[in-house]
Amino acid sequence: MIDHGIEFPQYRLHVVPAVLALASSSWQREVWLNPDEFENLDYVAHVLFDDFCDARAPRSWLGKSLRTDEEVSLMADLGAAYSQVQELVGATAGDHAYVESPGWPAVLAVAARLAQVLVTNDLTALSKLHDAGHHWPPSTESAMSESS
């Protein structure tokens with residue numbers, strides 16, 4: 001996989017949706033609180049704290065799954081906001097206790113800002129790939145040249 005700015009772009013394919021889920025209270029209520037759905041807060045927390053980043057100390061993920069210092073800073077803010085809620089409700093509390101916690105709006109707010117930055121940075125990287133001649137599907141350029 002080709003990418004500008006990160007070593008493990010496949011990790012980012014997990015990080016970005018997890019942050020987007022933390023930024024959407026409607027998603028949380030419709031998916032996390034639905035026992036028939038696979039995704040829940042525990043899954044998202046594992047993605048961001050254990051598997052593809054460490055939201056409590058994200059600096060080491062710069063250049064791996066995070067692109068910029070701003071992403072690192074916002075991920076640290078997200079880790080701190082989440083940790084405050086976790087301390088308040090308890091690590092073993094269910095998803096409902098988290099989303100109803102008085103500290104949860106802070107998690108939503110920082111996740112929304114981080115989501116905006118992640119997506120903007122991904123679009124910038126995609127644009128750089130396109131400008132460098134990497135087009136998808138690969139035959140797009142040659143087909144357009146032949147039809148001209």
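**Entry 1: the salt-bridge network**

I began with the charged side chains and found that Arg12, Arg67, Glu71 and Asp122 are linked in a network of salt bridges. I note at the outset that I am working on a predicted model, and that my search of the whole structure returned six salt bridges.

I then looked up the pair of Arg12 and Glu71, whose side chains meet in a salt bridge with an N to O distance of 2.8 Å. This pair links distant parts of the chain, since Arg12 sits in helix α1 and Glu71 in helix α4, 59 residues apart. I checked the accessibility of the two partners and recorded both Arg12 and Glu71 as buried.

Next I took Arg67 and Asp122, which form a salt bridge whose closest N and O atoms are 2.9 Å apart. Arg67 lies in the loop between α3 and α4 while Asp122 belongs to helix α6, so this pair ties together parts that are 55 residues apart in sequence. I entered Arg67 as buried because its relative accessibility is 14%, under the 20% limit. Asp122, with a relative accessible area of 23%, I entered as partly exposed.

**Entry 2: a further pair**

I also looked up Arg113 and Glu70, whose side chains meet in a salt bridge at 2.9 Å, N to O. Here again distant parts of the chain are linked, with Arg113 in helix α6 and Glu70 in helix α4, 43 residues apart. I find Arg113 partly exposed at a relative accessible area of 36%, and Glu70 partly exposed as well, at 39%.

**Entry 3: helix α3**

I turned to helix α3, which spans residues 41-51, and asked which of its residues are buried. My list reads Leu41, Val44, Ala45, Val47, Leu48 and Phe49. They cover an arc of only 160° around the axis, which means that they lie on the same side of α3. I set beside this the reminder that an α-helix has 3.6 residues a turn, so residues three or four places apart point the same way.

I then asked which helices the buried residues of α3 pack against. I found α1 (9-22), α2 (25-32), α4 (69-89), α5 (95-99) and α6 (104-131). At the N-terminal end of α3 I noted a cap by Asn40, which has a side-chain oxygen 3.1 Å from the backbone nitrogen of Asp42.

**Entry 4: a nonpolar surface patch**

On the surface I located a nonpolar patch of about 350 Å², made by Leu20, Val119, Leu123 and Leu126. The largest share of this patch, three residues, comes from α6, whereas Leu20 lies in helix α1. I recorded Leu20 as partly exposed because its relative accessibility is 39%, which falls between the 20% and 50% limits.

**Entry 5: the whole chain**

I closed with the overall figures for the protein. I count seven helices and zero strands, and from the N terminus on the elements run α-α-α-α-α-α-α. Buried residues make up 36% of the 148 residues. Among contacts between residues at least 6 apart in sequence, 63% join residues that are at least 24 apart. For the accessible surface I obtained about 8,300 Å², of which 56% belongs to carbon and sulfur atoms.

Technical notes. Residues numbered from 1 in each chain as written. Predicted model: local features only at pLDDT ≥ 70, side-chain atom pairs only at ≥ 80, totals over all residues. Heavy atoms only, no water. Buried < 20%, exposed > 50% of the residue type's maximum accessible area, 1.4 Å probe, protein only. Helix = DSSP H or I, 4+ residues; strand = E, 2+ residues; numbered from the N terminus. Arc of directions from axis to C-beta. Contact = heavy atoms within 4.5 Å. Polar contact = N/O pair within 3.5 Å; in protein donor to acceptor, adjacent residues only side chain to side chain. Patch = residues over 30% accessible without salt bridge, like charges linked within 9 Å, V, L, I, M, F, W, Y side chains within 5 Å. Areas by Shrake-Rupley, 256 points an atom, 1.4 Å probe, with all protein chains shown as cover. Salt bridge = Lys/Arg side-chain N within 4 Å of Asp/Glu carboxyl O.
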